[in-house]
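Work through the exercises below with the sequence and the model side by side. Try each task on your own before you read the solution that follows it.

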Amino acid sequence: MTQAPLLSVTDLSVTAGDRAVVDRVSFSLQPGEIMALVGESGSGKTMAARSVLDLLPPGVRRSGGRIVFDGQDLSAMTPAQMRAMRGPGIGMVFQEPMVSLNPALSIGAQLAEGLELHRRLPRDEVLRLCRQMLARVQINDPDRCLAAFPHEFSGGMRQRIMLAAVMLLQPKLLLADEPTTALDTLTQREVLDLMVELTRDNGTAVILITHNLGLVGRYAANAVVMEQGKVVEAGPSRDILLRPQQPYTQTLVGALPRRGPARPVPADAKPIVSVRDLEVVFPGRKRMFRPSHPVHAVKGVSLDVRPGEVLAVVGGSGSGKTTLGRAILGLVPARAGHIQFAGTDIAASDRAAMRRFRLACQLVFQDPYSSLDPRMRVGPIVAEPLRHAEDMDRRAREARVAEVLEEVGLAGFADRHPHALSGGQRQRVAIARALVRRPAFVVADEPVSALDMTIQQQVLTLLQRLQEQHGFACLFISHDLAAVAQIADRVAVMEQGLVVETGTRDAIFDNPQHAYTRALLEASPRIEDLAA
Amino acid sequence: MRVRANAVIGGTLIGLLVAVSATATFWTPYDPLRINLRARLRPPTDLFWLGTDEFGRDVVSRLMAGAATSALVALLTVAAAVILGVVIGVLAGFVRGWLDRVLMAVNDTLLAFPGILLALGLMAVIGPNKWGIILALGLAYSPSVVRVVRATVLSVREREYIEASRVIGNSEVYTMARHVLPNCVAPIVVLATSMFGWVVLAESALSFLGLGVPPPAPTWGNMLSAARPYLDQAPWLSIAPGLCIALTLLGINLLGDALRDKLDPRMGAA
Amino acid sequence: MRRAALALSLIASPLLLPAAAVAQEPGVLRVALNADIRTNDPGVNRDGNTDAVMMHVLEGLVGLTEKGDVAPLLAEKIDVSPDGKAYTFVLRDGLVFHNGQPVTAEDVAWTWKRYLDPATKWRCQSEFGGKGQTRIEAVEVTGPRTVVFRIDKPTALFLSMTARPDCGGSAILHKDSVDADGKWKGPIATGPFKFGEWKRGQYVELERFAGYRSLPGPRDGYVGGKKVEVERVRFLVIPDPAATKAALLAGSIDVAPDVSADDLEELKRRGDITVDMAPTMSVSGFLLQTTDPLLQDVRIRRAIAHAIDTAEITAGVTKGTGTPNASVIPVPSSYYSAKQKERAKADPALARKLLAEAGYRGQPIKILTNKRYGPMFDAAVLGQAMLQQVGVNAEIEVLEWATQLDRYLKGNYQMMSFSYSARLDAALNFEMMSGPKATQPRKVWDNPEALKLLSEAMVSADRAKRQERFDRLHGMFLADVPMLVLYNGVDISATGPRVKGYKGWAAGQPRLWGVTLQ
Amino acid sequence: MLRYILHRLLMTVPTALLVALAVFVLLRLVPGDPAQLMLGDTATEETLAELRAQLGLDQPIAMQFLYWLGNVAVGDLGRSITNDLPVLPLIFDRFQVSASIVIVAVVLATLVAVPAGMLAAWRQNSLGDLLIVGGATMLLSIPSFWLGLLMLLFFGVKLGWLPVVGYVSFGEDFGRALAYVILPIATLTLIEIGVITRMARAATIEVLRLEYITHARAKGVPEGRVLWRHALPNAFAPTWTLLGLILGNLLGGIAVIETVFTLPGLGRLLVDGIFARDYPVVQGCLLFVAIMYVLVNLLVDLLYPVFDPRVAAE
């Protein structure tokens with residue numbers, strides 16, 4: 001390593017108000033190297049990376065340290081010099097594909113802008129380069145794409161376009177800030193592979209900012225782990241993942257879901273919930289003078305959930321897994337099919353049976369921020385389902401609420417408002433609310449996907465523990481195969497509204513039959529692979 | 001920073017308004033209705049701080065009494081508009097379907113309807129007094145409340161905690177009352193705040209056209225309209241109530257901004 | 001705030017810059033009009049503004065003098081037959097219409113035939129068609145310049161009726177004023193001005209009529225000398241009084257024929273504005289509903305009369321320009337005798353005594369008024385204060401004008417601040433407010449004896465006999481107190497620095513002949 | 001597209017009908033009628049009845065409504081009672097006055113307010129932001145008629161720079177017409193600047209927080225271009241909706257401003273019509289205003305995709 005580093009950051013500090021969000025961080029990067037900047041939310045990884053481009057949000061400023069890029073001291077640059085550096089020197093890809101492209105400008109205008117600004121090429125040369133780059137990122141019809149607007153593309157496509165826009169300028173350094181977090185597993189894989197190819201072709205170095213250790217193992221040679229603004233550990237990714245030295249890194253690695261031993265499930269147990277040929281069709285927006293375009297979300301799905309087991313439904317976005325869960329609970333009307341609960345048919349027409357079923361079922365939502373009424377305190381939120389428990393008096397209810405809060409580790413939080421809680425705590429409240437009536441069946445819809453790694457593990461473990469303790473059956477909907485591996489007894493794989501494969505966890509993971517299942521497993525990064 | 005400055009200045013101005021209104025209900029320097037033709041159009045002196053009007057009535061006393069009337073009219077109007085708007089907006093947003101369409105058609109009709117005619121018609125039915133104005137302006141402003149409430153209901157009802165309430169087994173009505181309505185409060189409060197300002201303005205504009213709270217009971221609006229002929233001769237007569245309206249509106253606007261910033265922190269200091 | 005401070009400093013500044021000349025066209029006299037005219041068809045769909053403009057264009061056989069009496073205008077001579085049923089008019093020689101055609105007896109007959117045809121919708125058709133005072137049975141042409149009007153019964157009011165400005169002065173028109181189908185085209189009349197350009201909602205222009213043959217002598221009401229000194233008159237529609245004043249001060253108009261008494265002081269002070277005041281024949285006061293449960297007691301009505309200080313209220317409302325007058329006969333009238341000057345004394349003690357006698361116990365009395373007409377409103381405010389001082393629980397209810405008028409016509413009020421427009425004869429002044437309430441709820445005074453006296457005054461042509469009836473009527477009126485007359489209006493006109501010779505008069509309407517521009 | 005427009009236009013029919021019915025009923029509820037007003041204190045029972053018959057007011061109200069509706073259906077809004085002019089041309093005439101003032105004022109206000117709002121948002125919480133927001137809030141807090149009066153007093157009376165009353169149409173004499181409308185336009189512009197600045201600022205703040213702005217900056221786009229090319233189109237979309245609302249409301253007549261400056265606009269026509277109980281005029285005006293309101297908002301919606309391509313006109 002005698003070569004001069006492309007980027008070296010020394011003692012970088014960033015403050016928001018009087019709070020240090022990045023505290024004397026140092027790292028360096030060789031040309032062409034892919035380095036991962038790892039940390040959970042609030043660790044300061046994004047701020048550290050953005051300081052390099054001097055693109056900190058208002059109110060946040062760099063308070064110390066040196067950043068030398070390509071032999072130049074960035075902290076000494078004038079705004080105009082800095083602008084000249086952005087783009088051709090350092091490019092950046094953002095997390096949220098829905099808002100990182102300007103909705104009001106055509107793709108062509110946004111692609112061409114950087115070239116026009118920095119390279120001053122003739123118009124047709126710019127167009128040629130754009131077309132070429134779009135083809136390179138596997139956009140089918142580059143000409144049409146140039147005239148189109150961002151909203152016409154899916155998230156994965158937008159992220160490719162984004163990548164194209166940045167790579168057009170052939171930067172020496174690419175900052176990729178959680179570029180695939182919002183995408184599903186398969187798309188994530190495609191986009192990242194593309195990014196790696198492109199940067200390798202151009203000799204571009206990459207700082208991959210991520211919270212996903214799996215990605216670190218697969219794509220980055222080196223990694224820097226940050227916690228609360230400080231670097232806690234840095235070095236080759238392999239070492240960090242397989243032999244973490246620092247307690248925090250160890251926790252982080254330890255938080256990765258792991259497949260435990262399979263639980264014995266009586267194969268002949270009578271299912272508690274039985275779904276047959278369920279179909280869900282969304283009518284699509286009705287328009288006058290025009291036929292609507294119905295969306296066929298669930299196409300004849302049959303499933304059995306047995307008492308006390310966790311059945312995971314996995315699939316990419318748009319596979320219909322969430323709709324399936326909602327339809328089983330009767331929140332979304334089914335067009336056809338039957339649902340049996342404890343042996344009796346639940347028809348939407350039989351309101352009494354429907355109600356009995358409702359009272360015995362619960363749902364845990366994905367987004368802990370929108371699933372709790374912001375105006376209610378934790379106690380009342382958790383107590384609310386007991387409104388319908390006619391056999392309990394006030395004291396019994398209070399005792400139950402206290403008990404459940406204790407179970408989820410939130411004893412003493414009853415008087416808080418949701419906004420005073422962290423994401424993990426909120427999800428615990430949501431779990432407490434779901435379990436307070438001691439339901440026989442719980443649908444958990446991506447209950448951990450919005451949480452940080454360590455929190456994910458805590459919540460997952462909690463759910464697992466409670467499930468074992470109370471023995472409720474659970475339909476666990478997730479796109480995260482690692483989490484599924486940890487919690488599920490059986491797995492159903494969904495693709496485009498159909499269940500393509502069902503089986504025990506180990507059967508699915510070790511011996512997948514369907515091509516889609518295999519692709520999913522292949523795309524989902526696991527640390528175990530690194531060790532092998 | 002700004003939130004606090006807004007809140008402090010706005011709060012002070014509105015606090016002043018409330019204090020003056022409250023004081024005026026039991027004390028004013030002179031009787032605001034007391035006529036003294038020998039002291040017509042006196043310029044401000046230490047006896048009459050802001051001079052006297054065309055009937056020799058003390059302007060300070062009338063401004064104070066006017067503050068009380070204006071504030072009361074504005075408050076009741078906002079209350080009327082909010083109550084009406086919330087009932088209709090929640091109904092339209094939650095029930096949807098044909099009822100929504102009918103209600104929105106009526107709502108659009110009201111939106112396209114000039115407040116003046118509404119005021120005139122209602123005053124003819126109710127009688128020319130402040131209740132007529134309150135009802136007319138309340139009716140004129142309720143459509144905007146309906147729109148905000150309906151939009152909020154439509155957005156709140158898509159949140160997951162509404163679904164959670166259904167999963168729990170709560171009825172639709174209960175869900176609406178317990179979870180939807182309370183979450184509409186913030187935008188309604190913000191709207192109601194700015195509406196208070198609009199009503200003060202609308203009442204004075206109506207007075208200006210001769211349809212506001214009928215004199216001799218003073219409001220800032222009818223004082224301003226009565227002062228028009230003396231704009232040149234007795235400028236204090238139009239400047240004082242005009243300034244009162246402007247300051248009240250400023251206070252309301254600042255307070256509204258502070259409130260909005262508090263409820264929607266993205267707008268405020270980062 | 002900043003803005004207000006700026007304005008404050010400006011207004012307080014003693015340095016008043018002279019108004020710059022804004023588009024002052026030479027030879028054009030600009031006059032404010034508070035609303036557009038309705039039509040230019042004489043006496044059809046008109047209002048005060050319409051009359052104000054049209055009386056510059058129109059002339060009838062007779063017209064009004066400065067004092068409200070009748071005098072010949074197009075007629076040279078008028079003979080009345082002894083039975084009072086035939087009026088012979090002889091036209092002046094050499095009169096021409098605006099189109100240059102001579103005025104003949106045939107034109108008079110044609111004009112009147114048109115007026116009397118109900119299809120014309122002439123406002124005064126019913127007055128001469130039998131429903132009113134009299135009926136015209138024939139209009140006969142007896143010579144090139146001689147016309148005889150035959151009416152069914154004698155009346156003292158025939159000539160004054162024909163002179164009424166709201167009847168368009170019964171102006172004589174040329175046949176070409178209408179098209180072949182009898183549809184109105186525009187006035188071809190004989191007045192000193194021709195009707196010019198009319199921009200609806202903006203302005204009406206009149207042009208000097210070069211062929212006009214003026215009567216000799218000085219200006220006298222709508223008769224007398226009418227010498228036009230300007231090329232054109234432009235009536236600008238400015239609905240707002242404050243704007244009118246501003247326009248006058250800024251030099252955007254030359255004549256404001258009707259300014260508020262409030263502005264008097266300010267306008268006088270300026271020096272470049274000429275202010276003229278003329279008492280008018282309108283009658284303002286409080287109407288008291290004699291059928292109201294409370295006010296039907298004459299003692300309460302008298303108490304009100306004694307509680308209200310007519311002189312002070314007049315001074316307050318007219319800002320010292322008006323004359324207090326408790327009679328329905330206006331001060332400028334030739335029938336305004338010494339007897340008519342009598343009025344109830346302001347005597348709060350007496351008022352209290354009368355109230356006590358009547359057993360008044362603080363029941364509210366509502367005074368209806370409006371904001372459209374400032375003086376009515378001011379009178380109500382002042383009246384309320386005076387009534388409260390003697391212990392009457394008086395309240396004010398401000399109505400929109402149309403609503404108040406509706407209440408007046410239905411007799412639905414306790415007390416109302418009201419104003420009657422000018423009437424052309426003293427008898428008509430009494431007639432406007434007297435009558436049976438059962439059939440005509442708008443009437444204020446329902447006293448059979450008074451009605452009898454009045455009908456005698458309507459027919460008689462004997463001046464002394466009429467005066468005696470009027471004086472007796474006034475006495476009864478003061479005793480009954482169906483209305484508390486306060487004052488007669490004052491027409492205050494203001495003219496800019498360019499204008500010379502403008503003069504207001506009892507009719508309260510502008511006259512723009514004899515006015516010069518510098 | 002055409003179908004969408006047709007659909008929207010068809011949707012206005014029930015609203016217009018409802019407005020018409022409401023106006024009709026309300027007007028007849030208000031005491032006083034045009035016959036009384038025209039005759040005033042000289043009215044007698046006979047003359048009143050005669051005039052009412054002439055005006056068709058002696059018919060039952062339902063008949064009057066149906067008759068009027070029938071005429072409206074064939075494009076005849078009747079004739080004004082006060083000056084016997086056909087209502088439709090009268091409305092168009094007056095509307096031109098209101099529209100020319102309102103549109104110019106709104107355009108001017110937008111030209112000033114949008115850059116000001118964006119500038120304030122760009123340097124949020126700076127002194128400039130404070131001044132701009134403070135100024136806008138103050139403008140927002142001033143009653144329009146009061147501002148109008150003060151302007152009238154200052155520029156018209158004290159300085160004598162501009163005529164205080166009257167109106168000349170632009171077709172007639174451009175220069176003079178301009179002199180007459182400067183003050184009302186200035187008043188209206190100042191008032192609207194307050195509203196639009198605040199809206200533009202809020203919208204820009206929203207937009208500037210989004211990642212595509214950071215993306216643009218990360219490409220090395222200069223700040224001016226970031227604001228002009230990247231933020232403006234997005235920030236203008238909500239402002240555009242607001243403009244539609246303002247325009248829709250104002251076109252209904254700026255009665256108060258028209259009263260202060262004595263402009264023969266639609267608002268004054270309506271107010272005068274109401275006071276004079278000129279039924280055909282009031283009914284016509286309101287119908288016109290309701291339709292205008294819908295049309296303006298339709299136009300705004302149709303043009304919306306220009307600023308926000310996500311909302312393609314369907």
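A contact means that heavy atoms lie within 4.5 Å. The model is predicted, so local features need pLDDT of at least 70 and side-chain atom pairs count only at pLDDT 80 or more, whereas totals for chains, interfaces and linings use all residues. Residues are numbered from 1 along each chain as its sequence is written, chains are lettered from A and ligands numbered from 1 in the order in which they are written, and side-chain values use heavy atoms, with hydrogens and water left out.

**Exercise 1. Describe the surroundings of B:W131.**

Step 1: Begin with the contacts, where B:W131 touches B:L76 and B:I126 if residues up to four places away in sequence are not counted.

Step 2: Place the residue in its element, which is helix α5 (residues 130–156) of chain B; helices (H or I, at least four residues) and strands (E, at least two) are DSSP runs, numbered from the N terminus.

Step 3: Judge its exposure with the rule that buried means under 20% relative accessible area, exposed over 50%, and partly exposed in between, using a 1.4 Å probe and protein chains only. B:W131 has a relative accessible area of 48% and is therefore partly exposed.

Step 4: Compare sequence and space: B:W131 and B:M195 are 64 residues apart along the chain, and their C-alpha atoms are separated by 18 Å.

**Exercise 2. Find out how strand β3 of chain A is enclosed and which strands it pairs with.**

Step 1: Count the buried residues of β3 (residues 34–38) of chain A, which are five of the five, so this strand is largely enclosed by the rest of the structure.

Step 2: Sort the side chains by direction: A:I34, A:A36 and A:V38 point one way, while A:M35 and A:L37 point the other way, and all are buried.

Step 3: Look for partners, remembering that two strands pair if DSSP finds at least two bridges between them. With strand β8 (residues 205–210) of chain A, β3(A) pairs in the parallel sense over five bridges, and here A:M35 stands opposite A:I207.

Step 4: Turn to strand β9 (residues 222–227) of chain A, with which β3(A) has a parallel pairing over four bridges; in this pair A:L37 stands opposite A:V224.

**Exercise 3. Work out the strand order and the edges of an open sheet in chain A.**

Step 1: Recall that strands of a sheet pair through backbone hydrogen bonds, either parallel or antiparallel.

Step 2: Read the order of the four strands, β12-β11-β14-β15 (chain A), which form an open sheet with antiparallel pairing. The edge strands of chain A are β12 (295–305) and β15 (344–345), each of which pairs on one side only.

Step 3: Add the helix that packs on this sheet, namely α12 (residues 321–328) of chain A, which touches β11, β12 and β14 of chain A and whose direction makes about 115 degrees with that of β11(A). Such axes are lines fitted to C-alpha atoms, for helices over the stretch in contact, and angles run from 0 to 180 degrees between N-to-C directions.

Step 4: Check one pairing in detail: β11 (residues 273–282) and β14 (residues 336–341) of chain A are antiparallel over five bridges, and the bridge partner of A:V275 in β14(A) is A:I339.

**Exercise 4. Do the same for an open sheet in chain C.**

Step 1: Identify the order, β4-β5-β7-β6 (chain C), in which four strands pair in the antiparallel sense.

Step 2: Find the edges: β4 (75–80) and β6 (136–143) of chain C each have a single partner strand, so one side of each is left without a neighbour in the sheet. Neighbouring strands of this sheet are turned by 20 degrees against each other on average, direction ignored.

Step 3: Follow β4(C) to strand β5 (residues 86–91) of chain C, since five bridges join these antiparallel strands, and note that C:V80 has C:Y87 as its bridge partner in β5(C).

**Exercise 5. Characterise chain D, then one of its helices.**

Step 1: Count the elements of chain D, which are 13 helices and zero strands.

Step 2: Consider burial, for which 60% of the 314 residues of chain D count as buried.

Step 3: Examine helix α12 (residues 266–275) of chain D, which is mostly covered, with nine of its 10 residues buried; among them are D:L266, D:R268 and D:F275. Just after α12(D), D:R277 takes a positive phi of about 50 degrees.
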